[in-house]
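Here are my notes on the model you sent round. Have it open while you read, and go through the points in order.

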Amino acid sequence: VQLQASGGGLVQAGGSLRLSCVASGGTFRSYSMGWFRQAPGKEREFVAAITLSAGSSYYADSQKDRFTISRDNAKNTVYLQMNSLKPEDTAVYYCATSNLRSTSPSMYDYWGQGTQVTVSS
């Protein structure tokens, strides 16, 4: 099982980015995929997740009005559209799979390598 995250970069505050996570090796038989982020010196935190069958999405409160998670099962890909980015969104963003509906990193089994998002003020 492999996850490949991409789409990060440097953007000014107020800008947008779209992250992608391509899965291979049977990952889309998992129940859900999520995005997490980790800033330097901070714990990894939940951003958003989506159930792969029904497409039901859920978000951390601080992102639900600015971020949108979606999936394309035909492409084995989950996306995270991030709008109105703020400097505090700066972090490494990771995608991961789970057999549960969960916001806890410990409930996720496979992780991508992460993609850096930097938002300048």
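1. In what order do the elements of the protein run from the N terminus on? They go β-β-β-β-β-β-β-β-β-β-β, which fits the tally of zero helices and 11 strands. Here helices (H or I, at least four residues) and strands (E, at least two) are DSSP runs, numbered from the N terminus.

2. A quick word on where this comes from. This is a predicted model, in which local features need pLDDT of at least 70 and side-chain atom pairs count only at pLDDT 80 or more, while totals for chains, interfaces and linings use all residues. Residues are numbered from 1 along each chain as its sequence is written, and side-chain values use heavy atoms, with hydrogens and water left out.

3. On overall shape, the radius of gyration is 13 Å, close to the 14 Å that the globule rule gives for 121 residues, so the protein is as compact as a globular protein of that length. (That radius is taken over C-alpha atoms, and the rule is 2.2 Å times the number of residues to the power 0.38.) The C-alpha trace spans about 40 × 30 × 25 Å along its principal axes.

4. As for the inside, 44% of the 121 residues count as buried, meaning under 20% relative accessible area, with exposed over 50% and partly exposed in between (1.4 Å probe, protein chains only). Take the contacts (heavy atoms within 4.5 Å) between residues at least 6 apart in sequence: 56% of them join residues at least 24 apart.

5. Now look at the open sheet of four strands, which has the order β1-β3-β8-β7 and antiparallel pairing. β1 (2–6) and β7 (67–72) stand at the edges with a single partner strand each, so one side of each has no neighbour in the sheet. From one strand to the next, the twist averages 15°, using lines fitted to C-alpha atoms as axes (for helices over the stretch in contact) and angles from 0 to 180 degrees between N-to-C directions.

6. Two strands pair if DSSP finds at least two bridges between them. β1 and β3 (residues 17–24) run antiparallel and are joined by five bridges; Q4 has V22 in β3 as its bridge partner. At the other edge, six bridges pair β7 with β8 (residues 77–82), again antiparallel, and R71 has V78 in β8 as its bridge partner. β7 and β8 form a hairpin with four residues between them, and N76 in the turn has a positive phi of about 50°.

7. Which cysteines form a disulfide? C21 and C95 do, with their sulfur atoms 2.1 Å apart; the criterion is a pair of cysteine sulfur atoms within 2.5 Å. The pair links distant parts of the chain, C21 in β3 and C95 in β9 (residues 91–98), 74 residues apart. The torsion about the S-S bond is about 65°, so the disulfide is right-handed. C21 is buried at 0% relative accessible area, and C95 is buried too, at 1%.

8. Finally, check R37, which sits in β4 (residues 32–38). Is R37 buried or exposed? R37 counts as buried because its relative accessibility is 7%. Its side chain makes polar contacts with the side chains of D89 (2.8 Å) and Y93 (2.9 Å). A polar contact is a pair of N or O atoms within 3.5 Å; within protein, one must be able to donate a hydrogen and the other to accept it, and residues adjacent in sequence count only if both atoms are side-chain atoms. Leaving out residues up to four places away in sequence, R37 touches several others, including E43, R44, Q63, F67 and V92.
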